[in-house]
Each structure stands twice: as C-alpha cells, then as structure tokens.
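This briefing goes through one protein chain topic by topic, for a reader who wants to check each statement against the coordinates. Please keep the structure open while reading.

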Amino acid sequence: MDQHETALEIAPQGRDGGSQGLARQSHGNEEKKKKMGALECQCFPSRNGNGNATGGWRFSGLLLANQGLATLAFFGVGVNLVLFLTRVLSQDNAGAANSVSKWTGTVYLCSLIGAFLSDSYWGRYLTCAIFQVILVLGLLLLSLSSWLFLIKPDGCGDRVTLCTPVSTAGLRIFYSAIYLVAFGYGGHQPTLATFGADQFDETHPKEKSSKGLFFSYFYFALNVGSLFSNTILVYFEDTGKWTFGFLVSAGSAVLALVIFLGGSSGYRYVKPFGNPLPRIAQVFVAAFRKWDVIVPENGHGLYEVEGSQSAIKGSRKILHSNELVFLDKAATVIESDMKVHNPDLWRLCTVTQVEEAKCVLKMMPIWLCTIIYSVIFTQMASLFVEQGDIMNRKIGKFEIPAASMSIFDIFSVLIFTELYRHFIVPIAGRLTGNPKGLTELRRMGIGLLIGMTAMIAAGITEIARLKWVTPDEKASSLSIFWQSPQYILIGASEIFMYVGQLEFFNGQAPDGIKSFGSSLCMASISLGNYVSSILVNMVMEITARGGNPGWIPENLNAGRLDRFFFLIAGLTAVDFVIYVFCARWYKSINVDNNEEVINGEEMQKH
C-alpha cells in the first residue's frame, strides 16, 4: 500500500485525529509535550494566595501608568535626538536623519527579542522587569556621558554655543548608552501590552470588551507620556540643558519600574509556553517529508490529541482552516505513523500545531504592508524636525523648539481616541452591524490613507516654506505652525493604524505566541525606520549627481524635500492597493473556546 492510499484510508478513522487510537496513545504523553517546548500554562486566577481579586482595571491601570512614564523616559531621548546629533555631535542633516532611523529601528527590532523571551522562557512579568532595568541603566549612562564627555562647554548645543569635538571614548559611551535605551524600551513594550491584555479574561464578555478597550488606553497612555517629553523636556534640551533632560528621563524610568513592581501581588500571570521555533519548524519538516501525501478533503481526520487541551498544554486548540493546505500534510496520518507508540514530532504534528504555523504565515503579508506606514511615522522624529528647525519658530520673544510640534500629533491622538470610541464606533456599528464598528483590517486600511495625506500635506508645507526663504537667511519666514496639519493627520492615522495593529496581531496570534503578535506592530516600526534610511540614501545617491545638491542636502533651502515627501505618498498609494488585496484574502484564526481549557485545571495560583 503506498502513501497516497494510506493517508486516504486512515484519515476517516477519527474526526479529531488520524486515528483515535493514536490520539489516545499520545494524550497525556508528557515527554512529547516537553519536546514541543510546551511549559505548563499558569493561566490567570481571579484571586491571589491571600484571597484578593487580581487583574482587571485596578492592576492594568498600574501598567498604563508604567507605560506612560516609560514612554516619557524614552521620548525624552528620542524626540530631540536628531538635533543632539547635529548640534552636539556635528552630524549633517542626512546623516543625522539616518542615524535616528537606524536607532529607532533598533528600538523596535528589539521588541522581537523581548517577545521571544516572554513567550518562551521568562514569562511576561519577568521580561518586563528585566528590560525596564536595562532601560534605567541606559538612561543613567547617557546622563553621565553627556555630563562628563559631550556637553562641553556647559549649555552648548543651543543653536548659539558650539560644542567642542567629542572624544572617541565619549562617542563610544554615548552610543552604548542610547542602544541600551533602545534594547530596554524595545524589549519592554510588546511584552507590557500583552501582559496588560492578560489582566482580562476573554471567556467573560465584560472582560473581553475591556481587553479591546485596554489597547486604546495603552496607546493613549503612550501619548500622554510623550506629551511631557515633547514639550517640557524638549524645551530644556533645545536651550542646551541636555543633561538635565536625560536625568529627568532616567528618573521617570525609575518611577515606572517602582510602580510596575508595586502591583506584583495582584497581577494575573501566564507562564511561558516554551520555544515556538521548534514547533513551527516541525510543521515544515513534517510537511516536506510527506510532500507526496494527499491531504484529506476539508481536513477531515487530520491528527489532533483528544480532550479539551491541545498538545501545547494550557493553549487552546485551533480549529482547522482551509488556507495553506500544503501544511496540512504535517498532520496527515500515514501507515508508518500507526506503527509507533509515540509519534515522531518531526513527522506528525497536531492540527493546532499546524494552524499555529499557518497563523504566522497568514499574518506576514498584512504585516509587510504596514511597514510603509512606519516610514511615514518615522519622519516625525527626523525630517519633520529638520524642516521645522529652519522655519519661523518665534511667538513674540519665545522660540518654539522644532521637536515640540509633535504635540499636535499627541493631541490629535488623544482627541481622536475619544472621537473614535464615542462617535465613529457607534455610527460604524449601526452601518456594518459589527459591535466594534470597524474591523481591525479596515481600521488599518483607513490609517494608511490618512498617513498618505499627511505626506502630501508635508510636501505642500515644504513648497510654501521654500517660497518664503529670504536670500542669505537659513530660516524661512513661514511660520512653523504650517506644519500642524501634517502632525495632526499622522496622529489621526495612528488611532486607526497602530491601535488596529495592536488589536489585530494580538488577537490573531495563537496563545503560545501572544507577545510575538504584539511585537509585530513594533517590528513594523523598526523596519519602517530602516526602509526610511535606505530611501534617504537612495534618493541622495540619485539626486545629488552631477554637482546637484540633491533633495535632502545640508542646506535644505537648496534641496527639494517636498519631492521626498511626495515620493513616500506615492509609495503608500501603491502599498494600499496591495494591502486591500491581502486583507480580502486573510481569514481569521478559529480558536476552540472551550472554557474547560481556561477555567478548569489550568487555573492555578502564582
């Protein structure tokens, strides 16, 4: 009997498994589960060891406060970094923009590291704590390096007083410090978002609704934190008080860590599920080994363990889907699988394990389409600041720091958060019949379109700025407030794009890789920064030929920054078309919401 016949004849023997006998043999097999990297899930109990209630808004509120303070600390460095590089370290405009893009990209790339450690080994709580300690150390080292090595003479880097050249040792300490900040904040962010979502039980309708609301407040807290750093701290740094600004950021990070640790006895905890990489690799290897096996129609009879639990203990089962059916070969039972007592995990995988791999693959096209939006987002920390720095920044005798214009983005986020909840959701809900108003995928698509209009607005502002340039003057006479529309539009787009991303990737990620799902949003920002850096280099390489200054020269008055913004808008339009196609193809994860898995034996005390 060949493999084609074996697969077809054995498959119908059991709906939940290729063979019910084989499923019974594997059910409860602890050795198999250890091989899969599955650790026992400690799902959130409603009360702790003292009988007090855990989780809910009381303790997620501490996490929101932690988010706000940690964000204040991070943006106290990041929002003015491009000006620090140009004024203190004497980098040119294009070089500083690239340096900021690479640093910000590293920040969010580190989110993947934090998510992996959280899902696999450390758990959410320990991961958050460790990365916050790293953030504090980085900020303290940055404050020390700026005081001892960089700000010489005192108060330099204020547009008037020039700084003395920095020593090699000072530069090394500075870059070590800011990349420690990148590592700490990047690893902390996605894990904190997932840890906050853990405080709400999806099996209870009220708490499930609160969980969706948490992501909106999470992004709200992020912007409240950045409001202080983008106004007060930016002002002090812009006037040469760089060390003071860095010390305030360090103090904020310390306070955030204290608040986080203060809620330790009341959080709901989920133990790690083990390394997901071997589980996913096993699916591809098993499918490749059975490349010539015919998969049963509609997934009938594919292998799955018996009972309410999946083989990844503590993780809910995922029901079979009809997409990416070539991976179903990994769960197709053949004759050789029946001859062994314990199935070889590199030859036979459960439906849940296969669906976990499918979920990762299905999310990738959507995720890739969000990267171009992050290219838009990163302009606020680089080229928007450089553009504003050579506009009329005066209100009477007071001079507005260019980086402070991001308060329009922050207020836009705060206002549109409430507008979305109280007006858009009810209206869209009546029109679509969806209680959420708009699906996450539709929200992300709208965010792309609004982001594109922000780039068009930035290009129009640059055209106007160039018209108001006085010969032999560096700054244009055009008011910096002409930048406000581009900031406001980006803020509005964030509510649709980034909040939608947090909800989508966290909701569509299987139980065993929830932090990974949240980290995809951060990783999108990371790659967006790298893509922005590549775009700047390519544009300058092409446009600066033949003695031309290029689009983004040292003297922006001699360049065409508007064309760069229009280029990004054009790329976003193309990306939107691709995104619509991917969104229409996407099918949501189908989890077996058997409450026994969540509320039964897995409910334990921390």
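How many aromatic pairs does the structure hold? In this predicted model, the count of aromatic pairs comes to 40, and several of the residues involved return below under other headings. The chain has 606 residues, of which 58% count as buried, and its secondary structure consists of 20 helices and two strands.

**Overall composition and contacts**

- Among the contacts in the chain with a separation of 6 or more, 83% are made by residues 24 or more positions apart.
- The chain has an accessible surface of about 24000 Å², and carbon and sulfur atoms account for 63% of that area.

**Nonpolar cores**

- The largest nonpolar core has 143 residues, and the members that touch the most other members are Phe84, Trp103, Phe174, Tyr185, Ile366 and Phe564.
- Helix H6, which spans residues 93-150, gives the most to this core, contributing 14 residues.
- A second core, separate from the largest one, is made of five residues, including Tyr303, Val305, Val333 and Leu348.
- Once neighbours within four places in sequence are left aside, Tyr185 is in contact with Ala70, Thr71, Phe74, Phe75, Val107, Tyr108, Leu135 and Leu222.

**Aromatic pairs and a charge over a ring**

- A pair of aromatic rings is described by the distance of the centres and the angle of the planes.
- The rings of Phe74 and Phe75 have centres 5.1 Å apart and planes at 75 degrees, so this pair is edge-to-face; Phe74 is buried at a relative accessible area of 2%, and Phe75 is buried as well, at 18%.
- Phe84 and Trp242 also form an edge-to-face pair, because their ring centres are 5.0 Å apart and their planes stand at 80 degrees.
- This second pair links distant parts of the chain, since Phe84 belongs to helix H5 (residues 81-87) and Trp242 to helix H9 (residues 242-262), with their positions 158 residues apart in sequence.
- Phe84 counts as buried at 1% relative accessibility, and Trp242 likewise counts as buried at 1%.
- A cluster linked by ring pairs takes in Trp57, Phe200, Phe214, Phe215, Tyr217, Phe218 and Phe220.
- The charged end of Lys362 sits over the ring of Tyr586, at 5.9 Å from the ring centre.

**Helix H15 and its surroundings**

- Helix H15, covering residues 407-432, bends by about 45 degrees at Tyr420, and Tyr420 is itself one of the buried residues of this helix.
- The other buried residues of H15 are Asp409, Ile410, Ser412, Val413, Leu414, Thr417, Val425, Ala428 and Gly429.
- These buried residues pack against helix H8 (205-238), helix H16 (440-467) and helix H17 (484-508).
- After H15 comes Gly433, which has a positive phi near 80 degrees.

**Two buried threonines**

- Thr370 lies in the loop between helix H12 (351-369) and helix H13 (371-378), and with a relative accessibility of 1% Thr370 counts as buried.
- Apart from neighbours within four places in sequence, Thr370 is in contact with Met444, Met497, Gln501 and Ser524.
- Thr378 is located in helix H13 and has a relative accessible area of 5%, so Thr378 is buried.
- Not counting residues up to four places away in sequence, Thr378 touches Ser101, Gly528, Asn529 and Ser532.
- Thr378 and Ser532 are 154 residues apart in sequence, yet their C-alpha atoms are 7.6 Å apart in space.

**Backbone features in loops**

- The peptide bond from Lys152 to Pro153 is cis, with omega near 0 degrees, and Pro153 lies in the loop between H6 and helix H7 (168-197).
- Ser90 is not a glycine but has a positive phi of about 60 degrees; Ser90 sits in the loop between H5 and H6 and counts as exposed, because its relative accessibility is 57%.
- Leu324, also not a glycine, has a positive phi of about 50 degrees; Leu324 is placed in the loop between helix H10 (276-289) and helix H11 (335-338) and counts as partly exposed at 21% relative accessibility.

Definitions and conventions:
Residues numbered from 1 in each chain as written. Predicted model: local features only at pLDDT ≥ 70, side-chain atom pairs only at ≥ 80, totals over all residues. Heavy atoms only, no water. Core = buried A, V, L, I, M, F, W, Y, C linked by side-chain atoms within 4.5 Å. Buried < 20%, exposed > 50% of the residue type's maximum accessible area, 1.4 Å probe, protein only. Helix = DSSP H or I, 4+ residues; strand = E, 2+ residues; numbered from the N terminus. Contact = heavy atoms within 4.5 Å. Phe/Tyr/Trp six-rings, centres within 6.5 Å; stacked < 30°, edge-to-face > 60°. Lys NZ or Arg CZ within 6 Å of the ring centre and 35° of its normal. Areas by Shrake-Rupley, 256 points an atom, 1.4 Å probe, with all protein chains shown as cover. Bend = angle between axes of the 7 residues up to and from the residue.
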